[in-house]
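Reader: I should like to go through this model step by step, beginning with the whole chain and ending with single residues. Please give the reasoning with each answer.

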Amino acid sequence: MTWLALRLLRPYLIVAVTVTAAATAYVLYGATVVQGQLDAAGMPDCLDPNFCYPAGAALDAVFGMELVAAFVPPLLGLVLGVALFAREREHNTIAFALTQSVSRRRWVYVKFGWALAAGLACTATVASAHRLVATRYTVLANDTYELLYPLHLNNIGYMVAQTLLLVALAGVVGLSTGRTLQTLVLSALTGPVAWLVTAGVSVLCMYAVFLLTGGTDTTTGDGGFADDISMMDPFAYLVGAVAIIAATALVLLAPRVRGRDT
């Protein structure tokens with residue numbers, strides 16, 4: 001059963017790995033471009049945009065790295081989640097799988113397990129490269145691309161949770177609709193809404209904690225520009241935790257989902 005699930009997922013796993021490799025390579029390339037400009041300016045360790053704001057190719061590289069961090073995690077979620085069950089139902093290959101002495105519940109969980117594991121591994125690779133390599137440089141232009149910043153918060157857990165939530169959401173939508181294109185459209189539209197709800201729940205949780213603790217300031221550091229890299233980590237991890245709980249709930253409920261024609 002496991003090998004059958006992997007065989008059906010193989011094309012999408014290949015796409016996910018390809019996207020991961022390309023995104024990671026670009027992050028490393030972008031970091032090299034920005035560092036080259038800093039070296040040429042004689043300020044290789046500069047973190048203050050008042051003195052070493054990127055320009056030209058370096059600013060383009062920062063923009064590219066921000067785009068990778070903001071949109072590759074949800075893209076991976078769509079790649080792995082949309083066709084997880086929708087294509088099976090569309091071509092009725094799920095009927096064959098369920099004739100192999102496999103219960104619907106077990107089949108759904110096995111496929112979700114592989115898709116979520118692949119999503120975690122792929123997004124963690126890209127997110128780690130961004131956090132460990134790119135944020136050293138993207139912090140120089142945070143004010144320019146501040147609208148992209150909330151989409152990733154420079155946080156590995158935050159980005160990984162986006163992928164996992166979208167895989168779970170798209171998988172459930174696919175089970176319900178049984179149409180790949182419809183699942184893609186619905187997942188792309190409802191994914192941001194689900195993430196906003198997740199962030200809203202996290203804000204309420206954090207507000208409750210602040211009330212209970214007397215509003216203790218959790219920020220660290222001296223307030224310099226480099227602190228932008230990690231100042232949102234507590235909130236990012238909280239949003240990630242709430243998203244993973246939501247994804248787990250969707251996966252557990254998935255076997256009960258019945259499409260219109262089942």
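Reader: What percentage of the 262 residues of the chain count as buried?

Author: The model is a predicted one. A residue is counted as buried when its relative accessible area is under 20%. Of the 262 residues of the chain, the share that meets this criterion is 46%.

Reader: How many helices and how many strands are there in the chain?

Author: Read from the N terminus, the elements run α-α-α-α-α-α-α-α-α. The count for the chain is therefore zero strands and nine helices.

Reader: Among contacts between residues at least 6 apart in sequence, what percentage join residues at least 24 apart?

Author: Contact here requires heavy atoms within 4.5 Å. Among the contacts in the chain between residues at least 6 apart in sequence, the portion joining residues at least 24 apart is 86%.

Reader: Which residues touch the most other members of the largest nonpolar core?

Author: In soluble globular proteins, nonpolar side chains tend to be buried together. The largest nonpolar core of this model holds 55 residues. The members that touch the most others are Val34, Phe112 and Trp195.

Reader: Which helix gives the most residues to this core?

Author: Helices α1 (2-40), α3 (57-82), α6, α7 and α9 each supply at least two residues of the core. With 11 residues, the helix that gives the most is α3.

Reader: With which residues is Phe112 in contact, leaving aside its neighbours within four places in sequence?

Author: Phe112 belongs to the largest nonpolar core. Once neighbours within four places are set aside, its contacts are Leu84, Phe85, Val167, Ala168, Gly171, Val172, Val251 and Ala254.

Reader: How far apart are the end C-alpha atoms of helix α9, and what span should its 21 residues have?

Author: Helix α9 covers residues 233-253. At 1.5 Å a residue, the span should be 30 Å. The end C-alpha atoms agree with this expectation, as they lie apart by 30 Å.

Reader: Against which helices do the buried residues of α9 pack?

Author: The buried residues of α9 include Phe235, Val239, Val242 and Val251. The helices against which the buried residues of α9 pack are α6 (104-138), α7 (156-177) and α8.

Reader: Is Thr183 buried or exposed?

Author: Thr183 is found in helix α8 (residues 180-213). Leaving aside neighbours within four places in sequence, Thr183 is in contact with Val82, Ala86, Ala170, Val173, Gly174 and Thr177. Its relative accessibility is 0%, so Thr183 counts as buried.

Reader: Which backbone oxygen does the side chain of Thr183 reach?

Author: A polar contact requires N or O atoms within 3.5 Å. The side chain of Thr183 satisfies this at 2.7 Å, and the backbone oxygen it reaches is that of Arg179.

Reader: How far apart in space are Ala194 and Gln162, C-alpha to C-alpha?

Author: Ala194 lies in helix α8 and is partly exposed, with a relative accessible area of 23%. Leaving aside neighbours within four places in sequence, Ala194 is in contact with Leu165 and Leu169. Ala194 and Gln162 are 32 residues apart in sequence, and their C-alpha distance is 9.8 Å.

Reader: Are the rings of Tyr26 and Tyr29 stacked, edge-to-face or tilted?

Author: A search of the whole structure finds four aromatic pairs. For Tyr26 and Tyr29, the ring centres are 5.9 Å apart. These residues are three apart in helix α1, which means a separation of about one helical turn. The planes of the rings are at 55°, so the pair is tilted.

Note on methods
Residues numbered from 1 in each chain as written. Predicted model: local features only at pLDDT ≥ 70, side-chain atom pairs only at ≥ 80, totals over all residues. Heavy atoms only, no water. Helix = DSSP H or I, 4+ residues; strand = E, 2+ residues; numbered from the N terminus. Buried < 20%, exposed > 50% of the residue type's maximum accessible area, 1.4 Å probe, protein only. Polar contact = N/O pair within 3.5 Å; in protein donor to acceptor, adjacent residues only side chain to side chain. Expected span 1.5 Å × (residues − 1). Core = buried A, V, L, I, M, F, W, Y, C linked by side-chain atoms within 4.5 Å. Phe/Tyr/Trp six-rings, centres within 6.5 Å; stacked < 30°, edge-to-face > 60°.
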